Amino acid sequence: MTDSSAPQEAPSNAMEALSVLINADARQVWIMLREPAKLLQWHGWDADSLKDEIEEIYFTDVTEDPDHRALTVKGGDTFRLEPGDGGTRVTVERADDDAVVTEGWITFLQQLRFALERHPNTNRRTLYFSAPPKDGQSIISTLGLDDVPSPGDEYSASLPTGVDITGRVWFRSPHQLGLTVHSYAEHGDGLLILGDLPGGESMAVASTYDLGAKQLHEVWERWDEFRGSHYPESDPIVTSTLD
């Protein structure tokens, strides 16, 4: 298997971004795609509708390859798994050219890779918001992250949320940026994905692991303040429910 911190070349277009090499064997990837409890650990973000969304996408009108190398989900998009010496190449083949759905799959693929390589057995807590920016500026630019290094490299940044973050660049695609964040996990790191989506909306989704309630609320409140300042048309951030 490859080092999970090894860089993956930044794709030049959305179709290239729909293929990732995951440092895990095909059986592990398949389990993450076929067990509802595992899907809850990586797909999207916590919301009241998440379980229904997973049921609709991954378990309604789907087709499974008997060798567990392909899964066609509702809508016709297909996951293909290609085992190799470096892990498992996972590719989503689109059934149509809906750009918004394509960007969603890019986010989900990177969440799948992160969960398998960094937190395969750890429950996450998430935050999410999306809205058009009031100034029309990219969320990546607004956060001062245009000049982060290449995927796999270390970075440090002082965000306008008033927080300094460090980690590695997880991925970069034409419209999205993923960063690991040390302070988003008690052990290891969490994941922050930022994007500017077709139609003019920006989005942020952060996955945290094993943070206490006080730490979580501090992260969430900083992001909600940022959202209110730069995305006044958006609803408050969506966060996990704390037990």
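This report walks through two sheets, the helix that touches both of them, a small cavity and three single residues.

**Ground rules**

What you're looking at is a predicted model, where local features need a pLDDT of at least 70, side-chain atom pairs count only at pLDDT 80 or more, and totals for chains, interfaces and linings use all residues. Residues are numbered from 1 along each chain as its sequence is written, and side-chain values use heavy atoms, with hydrogens and water left out. Helices (H or I, at least four residues) and strands (E, at least two) are DSSP runs, numbered from the N terminus.

**The five-stranded sheet**

Let's start with some background: strands of a sheet pair through backbone hydrogen bonds, either parallel or antiparallel. Here, two strands count as paired if DSSP finds at least two bridges between them.

One open sheet has five strands in the order S1-S5-S4-S3-S2, with antiparallel pairing. S1 and S2 sit at the edges with a single partner strand each, so one side of each has no neighbour in the sheet. Helix H4 packs on this sheet and touches S1, S4 and S5, and its direction makes about 0° with that of S1. (Axes are lines fitted to C-alpha atoms, for helices over the stretch in contact, and angles run from 0 to 180 degrees between N-to-C directions.)

Now zoom in on S5 (residues 87-93). Five of its seven residues are buried, so S5 is largely enclosed by the rest of the structure. Buried means under 20% relative accessible area, exposed means over 50%, and partly exposed is in between (1.4 Å probe, protein chains only). S1 (residues 19-22) runs antiparallel to S5 and is joined to it by four bridges. S4 (residues 78-84) is also antiparallel to S5, with seven bridges joining them, and a hairpin links S4 to S5 through two residues. Val-90 in S5 is a handy landmark: Val-20 stands opposite it, and so does Leu-81.

**The seven-stranded sheet**

The other open sheet has seven strands in the order S7-S8-S9-S10-S11-S6-S12, again with antiparallel pairing. S7 (154-158) and S12 (238-239) are the edge strands with a single partner each, so one side of each is left without a neighbour in the sheet. S7 pairs with S8 (residues 164-172) in the antiparallel sense over five bridges. For one of the residue pairs, look at Ser-158, whose bridge partner in S8 is Asp-164.

H4 turns up here too: it lies across S6 (124-131), S8, S9 (176-181), S10 (190-196) and S11, running at about 115° to S8.

**A small cavity**

Rolling a probe the size of a water molecule over the atoms shows where empty space is left. On a 1 Å grid over the protein atoms alone, a cavity is a set of points where a 1.4 Å probe fits but cannot get out, and its lining residues have an atom within 4 Å of a point. Grid points are joined across faces, edges and corners, and a volume is the space filled by probe spheres set on the points.

The structure holds two cavities of 30 Å³ or more, and the second largest has a volume of about 30 Å³. Its lining includes Gln-41, Trp-42, Phe-114, Arg-124 and Tyr-209. H4 (99-118) and S11 (202-209) are the elements that give two or more residues to this lining, and H4 provides the largest share, three residues. By type, the lining divides into five nonpolar, three polar and one charged.

**Three partly exposed residues**

| Residue | Place | Relative accessible area |
|---|---|---|
| His-68 | loop between S2 (63-64) and S3 (70-72) | 35% |
| Asp-210 | loop between S11 and H6 | 48% |
| Asp-224 | helix H6 (residues 213-230) | 25% |

His-68 has a positive phi of about 60° although it is not a glycine. Asp-210 is also a residue other than glycine with a positive phi, near 60°.

Which residues does Asp-224 contact, leaving aside its neighbours within four places in sequence? They are Pro-236 and Ile-237, where contact means heavy atoms within 4.5 Å. Arg-172 is 52 residues from Asp-224 along the chain, and their C-alpha atoms are separated by 24 Å.

Technical notes:
1 Å grid on protein atoms, 1.4 Å probe; cavity = no way out; pocket = protein on both sides within 12 Å on 5 of 7 lines; lining within 4 Å. Nonpolar A, V, L, I, M, F, W, Y, C, P; charged D, E, K, R; others polar.
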